[in-house]
Every structure is written in structure tokens, then in C-alpha cells.
Amino acid sequence: MSKLIIKGKQRLGGKVSVQGAKNSALPILAATVLTRGESLIFNCPVLSDVEASVGILRYLGCVISREGATLVINADGICRSDIPDGLMRKMRSSIVFLGAVLARTGSARLSFPGGCEIGPRPIDIHLCALREMGAVIKEKHGYLDCTAPEGLKGCKISLSFPSVGATEDIMLAAVLAHGTTTITNAAREPEISDLADYLNKCGAKIYGAGEGVIVIDGVGSLNGACHTIIPDRIAAATLMSCAAVTGSRIALTDVVGSHLASVIPAFEEAGCTVLCQNGEIDFRAPQRLDSMRIIRTMPYPGFPTDAQAPLMTAACVAKGTTVFIENIFENRYRHTSELVRMGANIRTEGKFAVVEGVEALYGAAVEATDLRGAAALVAAGLCAEQNTEISGVKYLERGYENLELTLSALGADIKKI
């Protein structure tokens, strides 16, 4: 089992590129199931979640090769419609394969997904939508047995919540369905638009991605295409948090500033200067941060739940009190007990967390229990006095490509052992 050893109180500086977006890569990889011919996916990060998706694709019959940040995928040889339990359990977003496999093969058999234990991710929204499109789904013994006896058919679907996963699943099912599908109250995240861009390059007809209503006209077939995955806005927010807690100035390249429109004001409220132009961010933090008053997670374009944990570390060393309200996942404060172990002053109750800033955190042996919580502990280790030892690095590797090397390039003293 790997661990990270971080020597604290090291100021960061320099310029680094932001990796491709994990939350775009996973649905786009699932989307290749729908295509004929070869797809080239550029800027695809090397992550354990991506490798889990590649494992699923290979099991289904795809031929895949990687060269650096480029994946070459040929789905012509797909010969299966089942996904084993061991592959499904490796990541939470594996359910996105349901719509794609069902649309490609006419059937799908897969178990319920696994991944970080950050609270329930109900898939009833997915299943209800697919049933409206003509799928017959039986749930038994932990598996979903799905068929489409008369093919999938377009329809009007109104989501009770703008679920990213459900929106993606419906899009993947609808692109090859008969007729037109309209999704109302659709998720608006940039990753939804990125998925639509790839599918449209393949020959799909998707309109309105990134808005509350998405219209998909079904087509007869899709061909492979070349596509570059967007930058990871959560990785960018994490690096900004690392600079913020260390009073540093860094530059991030390959970013889309508009994707961070809800995060940047929080840093500015904390006293940071954030300048976005020409795909770069110049980020400067004061010697000590101010509190951020209230951070309320919401569906996009609101503050992202995935950025909540790294921002909480910034609040831990800020002057004053910051209140966090977690509206997306009910078990997203698991990192707080480890931050308290490092000297943070945090009280949680339900979806609320009250953070009283302290002058300094202290190095300790801590354990990550989920992806974004791991990132929060890395940021804490960077600003803590003395050394911090973080176990549970496998969670960090689900969403951050060699984060220790990226931070080392900025001057951090961090090693993976």
C-alpha cells in the first residue's frame, strides 16, 4: 500500500498544466461502445478510474492502446453485453455503461457500481428513464438484467434532480434510439457538453447540452472520431487550494476559466487574486487567508461538491469562520475527522460543517477514505508544521494523475513510498 510523506511549510511556485477531466473521460470512454471504427481520445488522464473503464471496454471486446495521454479505441469487436461484478465495483460511475451497452447490443447485465463511500448515488433515476424509453429491467441478486425487446424509443424525460450520471446515461441510450428524446431538468456540467461534443463528432444529433433541456434525435449508427477531453476543473481547484494554504503564487495552464466561475469567487473572498486569460490562471494567495463565510454545494453552475473538501482545508487555516452546506452527498465530510487530527477546528451536523480557522495545522499520520478527502489531506500536509503521512493513496489515484509529481514541480517536498 502506498503512502505520501509531505514536509510542510513549503511555499509553492511555478507553472503546471492541468490534467484532462476525469469526469469527462469516463462517460466518453463509455460512449465509444456506440461507435464503429476507431476513436482517438486525446488528453486522457492516467487514473485508476480510467483504467477501470478501459478494463470494462476490453472485456466487452474493444481493442485499446495508449500512447501518453492518447487512447486509441476500436469497438468493432464488441461481443458481450455483461459486465462482471469485479469490474463494476471499481468505480462509482460505472453505471454509465448501462445506457451505452443497452443501446449497442440490445441487452445489458451488470451489477450495482462501487467506488468511494461518500453516500448513496441512487440509480433509480437512470432506470426509470430507460424504462420510459422501452427498456425492460429486472433487479435481482445485486444485478440488473436489461433488455429492449422492441428497441429503445425516444420520449420526453423530466428528471426529478439534474443528475449528471442519469443525464449521461440517457444521452448514451438516446443517440441510437428511434425518434427524438427530450431531457428536461438535465445536468448542465461542462462534462455533459464535452460528452455531447464527442458524440456529435461521431454523427449524433444532440442539441442544448449544457442547458436545462437537451434534445437528441436518434440516428442509425455512429462512427469513431478524434476528441480532446476538456481540462479538469476539480484538479485546477485542488491546485489552487494547495497554493492558497501555502501563501503561494502559481500559474495553471490548459484551463477553462468559465468552468471555475463558482469556485474563483470563494478564493477571492479568502483574499486571493485570480487572473484568468488565454487558457491560463495566475493565482496569488496572501500570507494568511480570510474566511469564506458560506460555501454551499449545488448542481452546476453552483459550487461543485467535488471542490468542497479541498476548499475546507483552506478554511481550516483562514482567519474567521466558514460554514459549509453539502447539498449533493450526505456522507461527504469523512475527511473532517482527519483534519481535526491535524489540529483543525471543525464541527459537523448533518449537511452542515462549521470551520473555525486556526493559525496552524500540525503534521500527523492520517488516512484518506475517498478521492476528494484525500486531496484535502494533501493540501493540509503542505501547510502543516512538520511532516504528514497520508495512507489510502489509492483513492487519490482515482482522480489525480501523479499529483505528487505535479506538486513537486511546484516546489513541494512530497514523496510517494
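**Notes on two sheets and the helices that pack on them**

1. Let's start with an open sheet of four strands, whose order is E24-E25-E1-E26 and whose pairing is mixed. Its edges are strand E24 (365–367) and strand E26 (413–416); each has a single partner strand, so one side of each is left without a neighbour in the sheet. From one strand to the next, the twist averages 20 degrees. Please keep in mind as you read on that this is a predicted model.

2. Inside that sheet, have a look at how strand E1 (residues 3–7) and strand E25 (residues 387–391) are joined: the two run antiparallel and share five bridges. If you would like one pair to display, Lys7 has Asn387 in E25 as its bridge partner. Helix H12 packs on this sheet, where it touches E1, E24, E25 and E26. The direction of H12 makes about 30 degrees with that of E1.

3. Now for another open sheet of four strands, this one in the order E2-E17-E19-E18, with mixed pairing. Here strand E2 (13–17) and strand E18 (273–277) stand at the edges; each has a single partner strand, so one side of each is left without a neighbour in the sheet. On average, and with direction ignored, neighbouring strands of this sheet are turned by 15 degrees against each other.

4. Within the E2-E17-E19-E18 sheet, strand E17 (residues 249–253) runs antiparallel to strand E19 (residues 280–284), and five bridges join them. Thr253 stands opposite Glu280 in E19. Helix H8 packs on this sheet and touches E2, E17, E18 and E19. The direction of H8 makes about 170 degrees with that of E17.

5. The helices from points 2 and 4 also meet each other. Helix H8 (residues 233–245) packs with helix H12 (residues 371–383) at an angle of about 25 degrees, and their axes are 8 Å apart. Because angles under 35 degrees count as roughly parallel, H8 is roughly parallel to H12. Their crossing is right-handed.

6. Which residues in H8 and H12 meet? From H8 come Ile234, Thr238, Cys242 and Val245, and from H12 come Arg372, Ala375, Ala379, Leu382 and Cys383. Sorted by class, this contact of H8 with H12 has seven nonpolar residues, one polar and one charged.

7. To put the pieces together: H12 packs on the sheet that holds E1, H8 packs on the sheet that holds E17, and H8 and H12 pack with their axes 8 Å apart. That route, from sheet to helix to helix to sheet, may be a handy way to step through the model on screen.

How values were computed: Residues numbered from 1 in each chain as written. Predicted model: local features only at pLDDT ≥ 70, side-chain atom pairs only at ≥ 80, totals over all residues. Heavy atoms only, no water. Axes fitted to C-alpha atoms, helices over the stretch in contact; angles between N-to-C directions. Parallel < 35°, antiparallel > 145°, perpendicular 65-115°, else oblique. Left-handed = near helix turned anticlockwise from the far one by under 90°. Contact = heavy atoms within 4.5 Å. Nonpolar A, V, L, I, M, F, W, Y, C, P; charged D, E, K, R; others polar. Pairing = 2+ DSSP bridges.
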